[in-house]
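Good morning, and thank you for making time for this item on the agenda. I should like to take the group through one structure, going from salt bridges to helices and then to the surface.

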Amino acid sequence: MDLIKPLSKSDLIIITIKNQLFIYFKMCDIMAEERAQWNSRWGFILAMVGSAVGLGNIWRFPNVLYANGGGSFMIPYIVAIFLLGVSFILVEYALGYRFKASISKILYSIKPKFEPIAWLILAIIFLILTYYIVVVGWDLIYLVLSFTKGWGANPDVFFSSNVLQASDSIAGIFTFVPMVLISVLVLWATIWVITQSDLNSGIEKVSKIVIPLLFIIVVVIVAFSLTLPGASIGYTQIYTPDWSALLNFNVWLAAFGQIVFSLSLGMAIALTYASYLPEGFALADNALLVAFTNSGFEVFNAFGVFSILGFMTFTTGIPFNDLVTEGTGLAFVVFPQVFNQMGAVSYIIGPLFFFSILFAGLTSAIALVEPIASSLTEKFNIKRKRAATLVCLVGLIISLIFTTQAGSMILGVFDLFLNNYALLFTIVLECIIFGWIYKFDNLIETLNQNSHFKVGRIWKFVIRFALPIVIFILWIQGIVNTLFSGDSATYSIMFILLISLIIVPVILAKMPAKNEKYYEVLDEL
């Protein structure tokens with residue numbers, strides 16, 4: 001009796017097919033594990049600039065500049081660029097480039113107990129994204145309106161009553177605002193389409209097109225604004241210093257706060273983008289380039305904004321300081337008022353202005369998706385496209401809250417809590433982890449490998465001491481201000497956010513990884 005039965009021809013064919021399929025799927029797994037790379041240095045730089053240049057550059061900076069000493073503010077501002085901006089970007093660059101991994105895997109690799117901190121950072125930027133896209137949606141509405149000056153003779157009333165249909169009552173959360181809802185749906189769909197392409201066909205290609213267009217539009221706006229009657233009333237504010245402001249501690253804090261918001265620090269964007277870089281990249285040199293391109297953009301843009309506001313003062317007699325406001329008031333109230341005074345040329349300048357905000361906001365929103373999708377992909381072993389789809393879908397659902405009549409009120413609380421408290425808190429945590437617990441000299445070695453600009457003890461001192469102290473002071477200042485200005489609705493929303501930011505990161509950290517390699521240590525500590 002034969003113990004081994006000879007294989008038939010059909011059995012051999014089946015075994016051969018199974019072996020071929022096994023090899024094919026194994027190769028697919030290997031290819032999936034290979035991290036995407038930027039096609040070019042400029043693709044990376046433009047993507048980084050796009051992530052940094054956002055709404056804060058266009059409408060926040062002019063107000064901060066004017067309110068904190070005008071020209072003299074540039075001194076603490078430049079100090080803040082080096083001390084805070086470049087220093088923290090270098091940390092994120094070095095980590096992403098060295099580990100070639102997502103922030104969740106990096107923090108797990110440094111110490112498993114740190115993984116919830118990574119998911120906390122990602123939860124914060126995700127929530128920021130959900131309302132940030134709504135503000136960009138408001139701009140999309142105004143872009144359409146700008147072709148006909150559809151905001152009418154009273155832009156202030158039009159914005160609050162027609163666009164936002166704002167209600168101070170939380171009951172307004174049950175009533176959607178159609179215009180805002182449609183614009184948010186369009187923007188989320190746009191982001192989803194872009195993120196469904198690979199790194200170079202999506203983010204890099206969009207950045208290469210949109211960022212140069214953004215810069216061209218801003219150059220045209222600034223060049224035109226300087227020719228307006230009364231422009232000098234505005235732009236002279238930039239180089240008219242109030243030297244006494246340099247002795248005001250709050251002015252220095254304002255400079256550091258602007259750099260945090262302007263360069264999107266602590267959001268893991270630079271870390272994620274740097275993880276896609278090929279070997280041999282000059283990290284430190286390019287960190288300087290990105291930081292100063294971003295800051296140069298917002299200073300240059302301020303000349304245009306101030307010149308246009310100077311024109312408004314000249315033609316209407318409204319004092320200049322009454323026009324310089326922060327955020328939505330400047331973009332959606334003051335500027336429409338200015339365009340009403342300009343005549344026919346405003347039908348060109350108006351759309352260009354709102355196009356610039358749209359491009360800046362869209363590139364920043366796309367950048368916020370990437371760190372979240374990267375960590376979800378790496379831990380749960382799902383395709384990047386599916387991870388991006390999940391982020392967009394859940395993000396859209398949360399964004400619907402801000403498309404209601406109570407949306408603008410809730411949005412203000414989200415922005416206050418997430419930017420002034422949560423984000424600053426995580427930056428301090430990152431300084432402690434990367435400056436004290438991780439072998440900091442490893443980062444110095446990584447940064448100095450291919451760069452002409454070298455870092456050393458001064459940078460180490462900044463990350464370990466100077467930066468966390470300054471950020472901690474900003475954090476305390478924000479808490480104190482809120483304690484004296486908040487109301488019951490504000491405190492209730494903040495409490496819900498706080499609980500969410502405790503529970504969700506812990507759950508995501510505790511969930512078992514589908515990718516076994518997620519638990520492998522990436523670097524010797």
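Let me begin with Lys-460, which counts as partly exposed because its relative accessibility is 22%. Please bear in mind throughout that this is a predicted model. With which residue does the side chain of Lys-460 meet in a salt bridge? The partner is Asp-441, at 3.2 Å from N to O. This pair links distant parts of the chain, with Lys-460 in helix α20 and Asp-441 in helix α19, residues 440-448, and the two are 19 residues apart. Asp-441 is partly exposed as well, given its relative accessibility of 45%.

Helix α20 covers residues 457-483, and Arg-457 belongs to it. Arg-457 has a relative accessible area of 80% and is therefore exposed. Between Arg-457 and Leu-246 there are 27 Å in space, C-alpha to C-alpha, and 211 residues in sequence.

A search of the whole structure finds five salt bridges, and I shall describe two others. One of them joins Lys-100 to Glu-279, where the closest N and O atoms are 3.4 Å apart. Lys-100 lies in the loop between α4 (74-99) and α5 (103-110), while Glu-279 lies in the loop between α12 (269-274) and α13 (283-316), so this salt bridge ties together parts 179 residues apart in sequence. As to solvent, Lys-100 counts as partly exposed at 24% relative accessibility, whereas Glu-279 is exposed, with a relative accessible area of 61%.

The next salt bridge is formed by Lys-379 and Glu-115, whose closest N and O atoms are 2.8 Å apart. Since Lys-379 sits in helix α16 and Glu-115 in helix α6, residues 115-146, the pair ties together parts that are 264 residues apart in sequence. Are these two residues buried or exposed? Lys-379 is buried, with a relative accessible area of 0%, and Glu-115 is buried too, with 3%. The cut-off for buried is under 20% relative accessible area.

That brings us to helix α16 itself. Its 35 residues, 346-380, should span 51 Å at 1.5 Å a residue, and the end C-alpha atoms are indeed 51 Å apart, so expectation and model agree. How many of the 35 residues of α16 are buried? The count is 30, and the helix is thus described as mostly covered. Ser-374 is a residue of α16, and its relative accessible area of 6% makes it buried. Leaving aside neighbours within four places in sequence, Ser-374 is in contact with Arg-35, Ser-102, Thr-272 and Tyr-276. Just after the helix, Asn-381 adopts a positive phi of about 55°.

I turn now to helix α11, residues 249-262. At 1.5 Å a residue its 14 residues should span 20 Å, and the end C-alpha atoms are 20 Å apart, which agrees. Why can α11 be called largely enclosed by the rest of the structure? The reason is that ten of its 14 residues are buried. Among them are Val-251, Leu-253, Phe-256, Gln-258 and Ile-259. Against which helices do the buried residues of α11 pack? They pack against α2 (41-52), α3 (55-67), α4, α13, α18 (407-437) and α20.

Both ends of α11 merit a remark. At the start, a side-chain oxygen of Asn-248 reaches to within 2.9 Å of the backbone nitrogen of Asn-250. Ser-262 is in α11 too, and at 0% relative accessibility it counts as buried. The side chain of Ser-262 makes a polar contact of 2.7 Å with that of Asn-294. Not counting residues up to four places away in sequence, Ser-262 touches Ala-52, Asn-57, Asn-294 and Glu-298. Following α11 comes Ser-264, with a positive phi near 55°.

Finally, the surface. Which residues form a nonpolar patch there? Phe-495, Ile-496, Leu-498, Ile-499, Ile-502, Ile-503, Val-504, Val-506, Ile-507 and Met-511 do, with about 860 Å² of accessible area together. One of these, Val-504, is placed in helix α21, residues 488-510. Val-504 counts as partly exposed because its relative accessibility is 40%. As general background, an α-helix has 3.6 residues a turn, so residues three or four places apart point the same way.

Methods:
Residues are numbered from 1 along each chain as its sequence is written. This is a predicted model: local features need pLDDT of at least 70, side-chain atom pairs count only at pLDDT 80 or more; totals for chains, interfaces and linings use all residues. Side-chain values use heavy atoms; hydrogens and water are left out. Helices (H or I, at least four residues) and strands (E, at least two) are DSSP runs, numbered from the N terminus. The expected span of a helix is 1.5 Å times one less than its number of residues. Buried means under 20% relative accessible area, exposed over 50%, partly exposed in between (1.4 Å probe, protein chains only). A polar contact is a pair of N or O atoms within 3.5 Å; within protein, one must be able to donate a hydrogen and the other to accept it, and residues adjacent in sequence count only if both atoms are side-chain atoms. Contact means heavy atoms within 4.5 Å. Patches are made of residues with over 30% relative accessible area and no salt bridge: like charges are joined within 9 Å, nonpolar side chains (Val, Leu, Ile, Met, Phe, Trp, Tyr) within 5 Å. Accessible areas come from the Shrake-Rupley method with a 1.4 Å probe; for residues, only the protein chains shown count as cover. A salt bridge is a side-chain nitrogen of Lys or Arg within 4 Å of a carboxyl oxygen of Asp or Glu.
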